Amino acid sequence: MAESTVKELKEKLFMNKKNAAARMSGEELKKCDKFCEGYKQFLDIAKTEREACAEIVKQAKSRGFSEFDSKAKYKPGDKVYYANREKSVILAVIGRQPIEKGVNLVAAHIDSPRLDMKQNPLYEKDEVAYFKTHYYGGIKKYQWPTVPLSLHGVIVKSDGSKVSVNIGEDDGDPVFCVSDLLPHLASQQYKRPSTELVKGEELNLIIGSRPFKDDEGSELVKLNIMMILNEKYGITESDFISAELEAVPAFKAKDVGFDRSLVGAYGQDDRVCAYTELMAVLELKNPDRTAVAILTDKEETGSDGNTGLRSAYLRYFIADLAASFGVKGRTVLSNSRCLSADVNAAYDPTFPDVFEKNNSALLNGGVCVTKYTGSRGKSGTSDASAEFVGEVRALLDKNGVIWQTGELGKIDIGGGGTVAAYIANLDVDTIDVGVPVMSMHAPYEITAKTDIYAAYKAFEAFVNN
Ligand code: MN
Ligand code: MN
């Protein structure tokens, strides 16, 4: 067989696995790089679920979205938002089709792994002041010491007033840090199992070291810190009990690599999908089907609680929206379809053993479509039907979206899930579609710009369909 025939046959019969950057035109690459500038800004502004929620509502309002009113009547082209307790938000753009035909849902999460402050966090030990932390989400604990951390959140005082905290992000701000042992004295630490190299109770945040004046007495460093906090925020120690303070890496989002092809930042799981989904929905004008973007909290701790997707808030929103058209919520849900927009693990050439390469997402492979997640024998997955995968695949191809398929890693090595199952459990056709991430859940995660842009294109195609 002639060589050219083999080449032609391969092109016709094999999957196209060419690098996305090589498949994109120079003009497209420029658009992709420009898009990622906005993405990096979003990452720096929205490091916690509260900050993401506030930023999303702000951007939505500036694009003509108004607060959802269950008693109002809506018409095609109307844009609404619903903010759930300042931690989750739903955006909707009303479509031309009757709502009983179902809606196009896109669901990303806006919480990320981090160190939360305990309820009684402040203490002094050997003249160093600390906040005691309780980690949130699945972290490799040893990655978090010796990283500059910023503090974000709210403190609710006994009179009900609320103060916002955001310290460590501006160039002039101080930062906070967890210490680790020097290698010279780590021989015993090295003998610990790696899951305990740094223990949860050792993730103590250093917040100060100077005593109050030079009086005699105990806890003078703690007293000095409390004086500073009282002056700045008007709080006393008891107010920490009704606070939510989160320590997150203080670094800014940056380009990674000489070719600037990658983005390095904290919290890209899952703000990379939150941002791409947000951009797709904010730009939406007069869609055929109603589009609903969900940006939820608590995915990293299992989606429980009233701001997570195992709660009824999505169901109630759909029911209220349906009722405003005189339709039952369950009718809308049963006819709806959803892209669960969450990240997947990017194949890591340094650690190839945990991946089965043919079924792993590659950096610059495009947006990743994941039929099923879960652990072991697909435990905990919703497993999208072949029919729905076929529909999504055809849609992406029709719109020239560069995409790939991949699952989390080799069978029985580990596993994980997303919100897909909780939405599918509402009788919605659901599939995971998201960006591959390297070093997922680390203080600094890596993504490829072409994959980010491909995700945006995928969500844009889906909500316009
Ligand atoms: Mn995620
Ligand atoms: Mn995660």
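## First manganese site

Let's start at the metals: His-109 (NE2), Asp-269 (OD) and Asp-342, which gives two OD contacts, coordinate the manganese ion (ligand 1) at 2.1 to 2.6 Å. Please keep in mind that this is a predicted model. Along the sequence, the donor residues of this ion (ligand 1) follow the spacing H-x159-D-x72-D.

His-109 belongs to strand β4 (residues 103-109) and Asp-269 to helix α6, so this pair ties together parts that are 160 residues apart in sequence. Both His-109 and Asp-269 are buried.

## Second manganese site and the bridge

The manganese ion (ligand 2) is held at 2.1 to 2.6 Å by Asp-269 (OD), by Glu-300 through two OE contacts, and by His-441 (NE2). Here the donor residues are spaced D-x30-E-x140-H in sequence. Within this set, Asp-269 in helix α6 (residues 268-282) and His-441 in the loop between β22 (436-437) and β23 (445-448) link distant parts of the chain, 172 residues apart.

Which residue bridges the manganese ion (ligand 2) and the manganese ion (ligand 1)? That residue is Asp-269, and the two ions lie 3.4 Å apart. Why does Asp-269 count as buried? Its relative accessibility is 3%, and the cut-off for buried is under 20%. His-441 is buried as well, because its relative accessible area of 17% also falls under 20%.

## Aromatic pairs around Tyr-275

Moving on to the rings, the count of aromatic pairs comes to 14. One of them joins Tyr-39 and Tyr-275: the ring centres are 5.8 Å apart and the planes meet at 40°, so the pair is tilted. Tyr-39 sits in helix α3 (residues 26-45) and Tyr-275 in helix α6, 236 residues apart, which makes this another link between distant parts of the chain. Tyr-39 and Tyr-275 are both buried.

Phe-42 also pairs with Tyr-275, with centres 5.3 Å apart and planes at 40°, so this pair is tilted too. The two rings again connect helix α3 (Phe-42) and helix α6 (Tyr-275), 233 residues apart, and both residues are buried. Tyr-39, Phe-42 and Tyr-275 belong to one aromatic cluster, together with Phe-35, Tyr-453 and Tyr-456.

## Charges over rings

Two contacts of another kind round off the tour. Arg-114 places its charged end over the ring of Tyr-136, 3.6 Å from the centre of that ring. Lys-378, in turn, lies over the face of Tyr-372, at 3.8 Å from the ring centre.

Key. Residues are numbered from 1 along each chain as its sequence is written. Chains are lettered from A and ligands numbered from 1 in the order in which they are written. This is a predicted model: local features need pLDDT of at least 70, side-chain atom pairs count only at pLDDT 80 or more; totals for chains, interfaces and linings use all residues. Side-chain values use heavy atoms; hydrogens and water are left out. Donors are N, O and S atoms within 2.8 Å of the metal (3.2 Å for Na, K and Ca); water is not among the atoms, so sites may look incomplete. Helices (H or I, at least four residues) and strands (E, at least two) are DSSP runs, numbered from the N terminus. Buried means under 20% relative accessible area, exposed over 50%, partly exposed in between (1.4 Å probe, protein chains only). Rings of Phe, Tyr and Trp (its six-membered ring) pair if their centres lie within 6.5 Å; planes under 30 degrees apart count as stacked, over 60 as edge-to-face and the rest as tilted. A charge sits over a ring if NZ of Lys or CZ of Arg is within 6 Å of the ring centre and within 35 degrees of the ring normal.
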